[in-house]
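Please look over the structure below. A short report on its confidence, its DNA surfaces and one of its sheets follows.

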Amino acid sequence: MSEFGKGCHLHLIDGSAFIFRAFHALPPLTRKSDGLPVGAVQGFCDMLRRYVGRDHGEFAPTHIAVIFDKGSHTFRNDLYAEYKANRDEMPEDLRPQIPLTRRATEAFNIACKEVEGYEADDIIATLARQAREAGGRVTIVSSDKDLMQLVGDGVEMFDAMKNRRIDRDGVMEKFGVTPDKVVDVQALAGDSTDNVPGAPGIGIKTAALLLNEYDTLEALLDRAEEIKQKKRRETLIEYRAQIELSKSLVKLDENTPLDFTLADLELRDPDPETLLGFLAEMEFRTLSKRIAETLGTDAPTIPEQAPDTADTIDDAPVEQPPFDPDSYVCIRDLETLGTWIGKARERGWVAIDTETTGLNEMTAELVGVSLCIEAGQAAYLPLAHRAEGDGDLFGPGDILPNQVDREAALSLLRDLLEDPAVMKIGQNMKYDAKILARTGIAIAPIDDTMLMSYAMNGGEHGHGMDVLSERYLGHQPIPIKEVIGSGKSQKTFDRVPIADATRYAAEDADITLRLWQLFKPQLHRVRVTRVYETMERPMVPVLAAMEMHGVKVDRDTLSRMSAAFSQKMAGLEAEIHALAGETFNVGSPKQLGEILFDKMGLEGGKKGKTGAYATGADILEDLATEHELPARVLDWRQISKLKSTYTDALQEHINPATGRVHTSYSIAGASTGRLASTDPNLQNIPVRTEEGRRIREAFVPENGRVLVSLDYSQIELRILAHVAGIDALKQAFRDGQDIHAMTASEMFNVPMDEMTPEVRRQAKAINFGVIYGISGFGLARNLRIPRADAQGFIDRYFERFPGIKAYMDDTVAFAKAHNRVETLFGRVIHTPEINAKGPRAGFARRAAINAPIQGTAADIIRRAMVRMPGAIAPLGTRAAMLLQVHDELLFEVEADAADDLVARATEVMEGAADPVVALDVPLVVEAGQGPNWAAAH
DNA sequence: GACATCACG
DNA sequence: GACGTACGTGATGTCC
């Protein structure tokens with residue numbers, strides 16, 4: 001054993017962080033033979049394997065240890081009983097896995113250290129100090145901000161999740177101070193996750209500001225009297241003891257008693273027998289194989305469990321072969337393609353992925369297609385790869401030889417992809433369906449792993465392939481950046497060498513198939529099969545058709561408006577500069593803030609986390625009553641927005657081939673079930689102001705046609721009336737009354753015929769507030785009234801409609817108990833933050849109240865959209881659905897068929913809840929038509 | 001790439 | 001009683 005000294009590099013892994021990440025990143029997995037939960041152990045082992053196996057370059061370890069916490073009571077609890085008191089109980093499934101992670105570490109022959117009564121952080125601090133004093137370097141493997149105080153003098157951190165080293169600059173970035181001041185910042189700002197109190201009202205930004213001015217916490221507290229801001233000064237004086245206590249809680253103990261030395265942590269090779277023995281005991285087949293391969297030995301055989309116990313491990317993923325990019329087949333001739341197609345027919349399913357030259361399905365060209373028949377068996381069919389660079393027989397840009405003839409291949413593929421007996425499985429199939437549609441292939445039937453995940457895990461995490469693969473397969477796919485590069489040197493996929501393309505593309509199909517095999521049986525267990533089959537999957541062809549159809553936008557109208565806006569902006573800019581007495585960038589909130597508040601000395605000072613002045617519209621509006629400049633800036637901002645985001649940008653989006661604008665809807669983007677529109681976003685075209693609304697005049701039908709707009713009237717309030725069971729509201733909707741006026745009448749005891757617009761406006765704000773999970777603060781801000789008044793309104797509202805309060809409380813209670821809420825149609829919306837502590841709790845609470853209402857409305861319009869093609873089929877190509885804007889559908893229809901369309905579409909929309917949900921309130925649709933979108937409203 | 005701002009339902 | 005607040009999105013320009 002050699003001494004630790006100069007030239008040595010100690011790596012300290014934060015064991016708890018590894019365990020928790022492994023636990024939360026992987027689906028519950030149990031040991032097949034006895035049902036012992038081992039998912040976190042498996043993840044932990046895989047993370048260890050990857051960490052020791054990675055190329056650390058100049059940071060390679062000579063010594064390494066995994067450090068664990070031991071015992072729940074530490075010296076910090078003696079200082080402050082509430083320390084970490086708000087931590088949730090350890091999940092039931094995780095508890096038995098903790099000792100196994102210790103054994104795993106030992107099996108890897110890595111030092112595994114803990115000290116009774118001390119947190120891992122203190123041991124890490126002590127070891128880091130010792131290593132530093134011995135002249136060595138230290139890497140702390142963790143992203144925990146509590147450890148950042150240790151950075152410096154050869155000590156750095158490494159965030160294994162983001163694959164990023166954290167040095168002095170990284171700490172500066174996080175805390176705004178050098179590492180030696182981190183403890184002081186934390187003492188002031190406190191930490192809600194550890195229940196460190198800190199100073200109320202002071203966050204990291206403020207703390208950093210103060211410490212950079214006063215240098216040390218002690219100096220700051222001693223000279224607190226000097227601070228200008230009243231509130232801050234009083235807080236620092238009043239809470240001095242609490243701040244000092246916080247400091248002693250966050251300061252790590254660098255003198256933890258240790259019964260081992262740095263030399264004991266020397267890097268050692270694992271003993272294959274011990275390590276593989278442990279893995280076999282845990283029954284990790286894939287991991288055993290992988291590690292055996294690295295160690296150059298054979299993996300031990302792990303017996304399969306008896307078939308009669310299969311149902312007890314229902315949640316365990318099907319055992320799969322490891323990913324092997326070298327095993328993927330590149331299809332170079334029609335015969336081989338025929339063989340793969342034959343295999344897909346035999347199975348009845350195939351996973352498919354298309355590779356193209358870009359992300360825009362309307363302009364991207366098909367480059368190749370990958371297929372996967374079963375886990376590990378995938379192939380890539382290159383169709384249009386081109387030579388890159390030079391030094392080849394074939395010049396840059398030439399189609400490479402030895403690729404299957406495109407037309408012949410597509411003809412073979414068409415038979416498969418249109419075969420009703422073969423399920424085509426994809427990840428985000430709308431993309432592939434559109435690409436294939438442009439080659440004349442109408443792919444069907446389909447399954448979509450992205451949408452399966454969305455139905456099961458909405459709100460829990462994203463549903464992109466990378467996330468799903470890492471989370472559910474424990475496999476990190478080849479990043480697209482590695483294949484096509486990034487930034488300036490990025491190339492299109494057709495310039496990727498075919499061998500590289502094969503590894504990447506076939507892997508995507510492989511992953512998709514594995515995800516499908518995992519997800520398919522889970523759908524019914526989470527009871528979202530109907531959601532998936534009626535509201536997610538059928539959206540794919542409907543949206544694909546709408547997006548490909550596009551909407552005609554008149555370039556001349558937009559370009560004339562842009563020119564007019566330019567002129568107007570130039571005029572306003574000159575006025576603003578004159579008023580300011582100097583020229584500055586009106587588009588820079590920073591510069592504007594300095595002009596308004598520093599130079600002109602207006603009231604309404606600082607705000608915001610970055611220390612910049614807030615200059616949002618609400619603030620400028622307040623100033624505008626007294627001053628010219630902010631009023632002109634508001635005008636300028638409005639025009640600037642309209643020009644840059646709409647009249648300029650929309651022209652860029654007109655497709656040269658179709659002359660129309662083609663948006664793309666994300667089906668699985670919004671947590672509530674809403675769609676989102678991108679590239680361009682056609683769900684936020686201006687309408688609220690007269691000037692903005694004119695942009696809608698550029699959205700026009702083809703000659704002889706009209707645009708028809710149908711929108712649900714007050715759909716969210718109707719849903720609220722139903723779910724909360726408010727008889728008065730339900731009756732008002734049945735009677736077709738003005739719902740806001742009726743609310744006002746109930747609340748303020750004003751007869752309906754004496755209603756003033758002002759009182760109605762307030763009631764309307766309250767109605768919307770309720771949908772958003774009302775708070776006194778929010779309503780006060782919206783109505784610009786004192787907070788106490790707003791709270792009074794809310795109290796009275798709840799008094800008059802007690803069912804609303806009950807609904808809100810019940811919804812939150814349900815969310816807290818189940819970590820999810822549901823729409824009337826069974827859509828699941830996870831609320832992972834609902835049991836969080838601190839300010840996040842408020843957000844989560846309001847989101848949980850809103851989600852079933854917004855989500856039910858989203859479900860209803862989805863149902864209408866799915867039925868719409870069938871309902872308007874008799875009109876043939878005379879009518880087409882173009883856009884969805886949450887509660888509105890826009891159609892383009894031949895003028896003499898418009899009334900027919902309105903009748904059919906209205907019927908579908910108003911009946912969209914049937915027959916699954918019988919609403920106590922009618923759904924009412926309002927229709928309009930005209931020669932442009934503005935006129936159709 | 002983060003932040004502020006603002007467009008929509 | 002304090003915390004920091006309306007819910008859900010996407011695009012743009014500034015600034016680091």
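How many nonpolar, polar and charged residues does the surface near DNA strand B have? There are seven nonpolar, eight polar and five charged residues.

## Model and confidence

This is a predicted model. Chain A has an average pLDDT of 91, and 97% of the residues reach at least 70. Residues 306-317 have a pLDDT below 50. In the model, that stretch makes 12 contacts beyond near neighbours in sequence. Where pLDDT is low, predicted coordinates should not be read in detail.

## Surface near DNA strand B

DNA strand B is surrounded by 20 residues. The closest are Thr-615, Ala-617, Lys-641, Val-687 and Arg-688. Of the strand B atoms that come within 4 Å of the protein, 76% belong to sugar and phosphate. Helix H26 contributes the most to this surface, with four residues.

Two of the closest residues reach phosphate oxygens of DNA strand B through their backbones. For Thr-615, a backbone N or O atom is 2.7 Å from a phosphate oxygen of the strand. For Arg-688, a polar backbone atom is 2.6 Å from one. Asp-887 uses its side chain: an N or O atom there lies 2.8 Å from a sugar or linking oxygen of DNA strand B.

## Surface near DNA strand C

DNA strand C has 36 residues around it, and the closest are Ser-588, Asp-679, Ser-775, Phe-777 and Arg-846. By class, 11 are nonpolar, 18 polar and seven charged. Sugar or phosphate supplies 62% of the strand C atoms within 4 Å of the protein; bases supply the rest.

A side-chain N or O atom of Gln-591 is 3.2 Å from a phosphate oxygen of DNA strand C. Ser-671 places a polar backbone atom 3.1 Å from a phosphate oxygen of this strand. In Asn-681, a polar side-chain atom is 2.9 Å from a sugar or linking oxygen of DNA strand C. Elements giving two or more residues to this surface include helix H24 (589-599), helix H26 (628-652) and helix H35 (839-872).

## A six-stranded sheet

Six strands make an open, mixed sheet, ordered S3-S2-S1-S4-S5-S6. Strands S3 (111-113) and S6 (164-166) are at the edges with a single partner strand each, so one side of each has no neighbour in the sheet. Neighbouring strands are turned by 25° against each other on average, direction ignored.

Strand S5 (155-159) pairs with S6 in the antiparallel sense, over three bridges. Asp-159 has Arg-164 of S6 as its bridge partner. Helix H5 (120-133) lies across S1, S2, S4 and S5, and runs at about 175° to S1.

Conventions:
Residues are numbered from 1 along each chain as its sequence is written. Chains are lettered from A and ligands numbered from 1 in the order in which they are written. This is a predicted model: local features need pLDDT of at least 70, side-chain atom pairs count only at pLDDT 80 or more; totals for chains, interfaces and linings use all residues. Side-chain values use heavy atoms; hydrogens and water are left out. Two strands pair if DSSP finds at least two bridges between them. Axes are lines fitted to C-alpha atoms, for helices over the stretch in contact, and angles run from 0 to 180 degrees between N-to-C directions. Contact means heavy atoms within 4.5 Å. A residue is near a molecule or strand if one of its heavy atoms lies within 4 Å of it. A polar contact is a pair of N or O atoms within 3.5 Å; within protein, one must be able to donate a hydrogen and the other to accept it, and residues adjacent in sequence count only if both atoms are side-chain atoms. Ala, Val, Leu, Ile, Met, Phe, Trp, Tyr, Cys and Pro count as nonpolar, Asp, Glu, Lys and Arg as charged, and the others, Gly among them, as polar. pLDDT is the predictor's confidence in each residue, from 0 to 100.
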